[in-house]
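Let's go through this one together, the way you might talk it over at the bench. Have the sequence and the model open as you read.

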There are 2 protein chains.
Amino acid sequence: MQKDTGSGGPSTPRLRRRKGSNEVPPELDKANGGRLLVNDRNKYKSMLIRAYSSVWMIGGFALIIYMGHLYIWAMVVVIQIFMAKELFILLRKSHEDKHLPGFKHLNWHFFFTAMLFVYGRILSQRLVNTVTTDKFLYKLVGRFIKYHMVTCYFLYIAGFMWFILALKKKMYKYQFGQYAWTHMILIVVFTQSSFTVANIFEGIFWFLLPASLIVINDIAAYIFGFFFGKTPLIKLSPKKTWEGFIGASVTTMISAFVLAYYLGRFQWLTCPRKDLSTGWLHCDPGPLFKPEYFALPEWLPGWFPWREISIMPVQWHALCLGLFASIIAPFGGFFASGFKRAFKIKDFGDSIPGHGGITDRMDCQMVMAVFAYIYHQSFIVPQSLSIEMIMDQILMNLPFEEQQTLYMKLGQSIMERQYGES
Amino acid sequence: MQKDTGSGGPSTPRLRRRKGSNEVPPELDKANGGRLLVNDRNKYKSMLIRAYSSVWMIGGFALIIYMGHLYIWAMVVVIQIFMAKELFILLRKSHEDKHLPGFKHLNWHFFFTAMLFVYGRILSQRLVNTVTTDKFLYKLVGRFIKYHMVTCYFLYIAGFMWFILALKKKMYKYQFGQYAWTHMILIVVFTQSSFTVANIFEGIFWFLLPASLIVINDIAAYIFGFFFGKTPLIKLSPKKTWEGFIGASVTTMISAFVLAYYLGRFQWLTCPRKDLSTGWLHCDPGPLFKPEYFALPEWLPGWFPWREISIMPVQWHALCLGLFASIIAPFGGFFASGFKRAFKIKDFGDSIPGHGGITDRMDCQMVMAVFAYIYHQSFIVPQSLSIEMIMDQILMNLPFEEQQTLYMKLGQSIMERQYGES
């Protein structure tokens, strides 16, 4: 990758020619001193379009956050459907599809099967908690959850058999290509982005903070690159510069630390949602969100307004998220760029003016969603939730008699331990 | 698929020409009365070779079953590595690889990351149970399990970044193709076959019965097809006939019912293995493996030796497995055939004389392994194991004080329910 830095040119013009020139990105132009492009007006026009749709997106996003977990989930589902649509179309060839009536619906069969599987898994516990008042519904939902895996499996197998029976002479390669492509989309795009939903119900905080950090990092990289961009960062994305990358990293780390403090004060954001209602949330947000006070050093001048600062423990976790969002998540963007290069496309779609397709905007978000989920599961959950989770499991999965048996066994085990240690 | 049955011919000769003719399968030859091929000697020679290596495989397999869970696991791992090797080589182009030093090792990085992840998940509980006597090891293993997900995630991310940094101009398409191919192998081949390992530790029965049924079905289909094969079943695999398919189905169903009875009598096969030792197993195998006696009708003639028959409940479950093994699992084979057609290869490899590569023999096994796992989880586990599983979870995951809290909470919940119901 390092060896042939000089040959980065040839592919750029080819890509630019395909664009239809309604957007010219702040690319590097060494002949012009590395800062400004020849057609400067276009550069600013493009920035305006991009800023305009960014403001709309952020506004809509804030409204949805205010409306609550179910609406955020709905938003994620809509985004996922749009992304799948963009990507399914990408490698489809209408010439081949003409000979394969109905074959293109198979993608969606797999997509909705995956959706039922993933969301069933994530939300089953909440669904149970939502319907506990109605005995009949409770039993129905219990049954649904019990056979959830086997149902999804048979839906998948049905798609698998459909695929095999739809195989048609001379189209094998195209069809297997489509099958592999569908699966890649379901894993790389759908499954990854679904982790987001698990985060949402653990507390909007764990969805909002990572997602915001990616947005902040993107915008900061764009602005720093726009004004100071000189040194190319990676050949895959000629728009990206070291100046943008470093400036964005610093901005993101600071934002993470500050943002966590402000977001962490709202119970609406920090409480986990344990059912599927949209009502108000009250909870003890736990030690992570309790400010701790640190005295500032004595030698600070007298006019300095603060004697101590308050920091929530969650802010240190936010720094880890910020670090990931600014250093590793951008690789999601590089991956997408490389992919677009490989298949000679400019954008995955054209849904958002100035941004390209939805998938173009989500590349880093997906990497971040998985990290946020795993980080939360590994470093946050063990400190707070486990007793309640096990209680839920017992109350849901075991019939009453077995709960009593378990109670006795646990009592025995505790007795033995106490006896053994004393 | 149904429309152009007549045009099935053209592709067969092309494939046959590529074979190097060391094996001629019992293909249909309508001009010869549908039963015999022109070069009959080759047909029998090929059958002998195939029978010879089948006997060796079955013998070795029986020995490994006798040696126990850890050895079966080791066998699965070896098979998985061989399959991965066969498949990684398949779409690799040495011309392209010359320009990408080190790139081909990336496959194996992903492979071993997947291995660590999957087996860590399946076996962590057993690992804990194995080391409970040593306090230090216990803590170490507990820590490993706690950070298992995050470790695997970072290994994966490392591979992901390696991939992006290894992207090289003009090779993008080849490299993204390799990336997608690696992931497809990891999902379709590795993850699917790993379900087998979960089955093994639930009781060898749940691994041995499904695997045997596939072998029985394959052999029966081969024999019935060999002697009675006339009507082509599916164009994808010209070797397969309706006669073979139906004969094999009946054979498999009967074998499933009979085999389950004999396998179900050995505790070595029915007991779950809860640690990673190789010692002898004793357990109450549960109601599924307790024979129930059914009186035969009175009108049976006096010379008929039996007045009643004994049936284990697990035999009815075995029928379901048999049904799947004979009706749906063969689609795994069709899929593999179609894939080989699409990419114009005869076999995935040449490890087993007369059979082709290991992957060729495993295609249906993988489909079956997933089904057996899901069937066991959905229909068998809920009847027997849940109390113990939750106890394990409590004893492993909660510190002692929290176990006490949980005990109190559970007691409260039981009290409330008893009070509410009376």
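What follows is a back-and-forth on how to read the features of this predicted model.

Q: Before anything else, what are the ground rules for this model?
A: It's a predicted model, where local features need pLDDT of at least 70 and side-chain atom pairs count only at pLDDT 80 or more, while totals for chains, interfaces and linings use all residues. Residues are numbered from 1 along each chain as its sequence is written, chains are lettered from A and ligands numbered from 1 in the order in which they are written, and side-chain values use heavy atoms, with hydrogens and water left out.

Q: What does chain A average in pLDDT?
A: pLDDT is the predictor's confidence in each residue, from 0 to 100. Chain A averages 80, and 86% of the residues score at least 70. Watch residues 1-38 of chain A, though: the pLDDT there is below 50, and beyond near neighbours in sequence the stretch has 60 contacts in the model (a contact means heavy atoms within 4.5 Å). Where pLDDT is low, the predicted coordinates should not be read in detail. For the model, the scores are ipTM 0.78 and pTM 0.79.

Q: How are chain A and chain B related?
A: Two copies of a chain are related by a rotation about an axis and a shift along it. Here a turn of 180° with a shift of 0.0 Å along the axis lays chain A on chain B, with an RMSD of 0.1 Å. The two copies are thus related as by a two-fold rotation axis. In chain A, the C-alpha nearest that axis belongs to Y407(A), 3.4 Å away from it. The superposition is by least squares on the C-alpha atoms of residues with pLDDT of at least 70 in both copies.

Q: Through which surface do the copies meet?
A: They meet through the same surface, because 99% of the interface residues of chain A are also interface residues in chain B.

Q: Which residues does UniProt list as "transmembrane region" in chain A?
A: UniProt positions are in the numbering used here, feature names are shortened, and annotations may be inferred rather than shown by experiment. The unreviewed UniProt entry lists several such regions in chain A, among them 179-198 and 204-229. In the model, residues 179-198 of chain A are 100% helix and 0% strand, with the end C-alpha atoms 27 Å apart. Residues 204-229 of chain A are 92% helix and 0% strand, and their end C-alpha atoms are 35 Å apart.

Q: What does the domain assignment of chain A give?
A: Domain bounds come from an automatic or database domain assignment. For chain A that gives domain 1 (21-384) and domain 2 (385-422). Taken over C-alpha atoms, the centres of these two domains of chain A are 39 Å apart.

Q: How many disulfides does the structure hold?
A: A disulfide is a pair of cysteine sulfur atoms within 2.5 Å. The structure holds two over all chains. In chain A, C271(A) pairs with C283(A), their sulfur atoms 2.0 Å apart. The torsion about that S-S bond is about -95°, so the disulfide is left-handed. Both C271(A) and C283(A) sit in the loop between helix 11 (267-270) and strand 3 (292-295) of chain A, so the pair ties together parts 12 residues apart in sequence. Helices (H or I, at least four residues) and strands (E, at least two) are DSSP runs, numbered from the N terminus. In chain B, C271(B) is joined to C283(B), S to S 1.9 Å, and with a torsion of about -95° that disulfide is left-handed.

Q: Are those cysteines of chain A buried or partly exposed?
A: Buried means under 20% relative accessible area, exposed over 50%, and partly exposed in between (1.4 Å probe, protein chains only). C271(A) is buried at 0%, whereas C283(A) is partly exposed at 24%.

Q: Why is the sulfur of C320(A) not in a bond with the closest cysteine sulfur?
A: Because that closest sulfur, in C364(A), is 19 Å away, too far for a bond. C320(A) is partly exposed at 35%, and C364(A) is buried at 8%.

Q: What is the phi of K344(A)?
A: Most residues other than glycine have a negative phi. K344(A) has a positive one, near 50°. K344(A) lies in the loop between helix 13 (330-342) and helix 14 (358-380) of chain A, and is partly exposed at 41%. In chain B, K344(B) also has a positive phi, near 55°.
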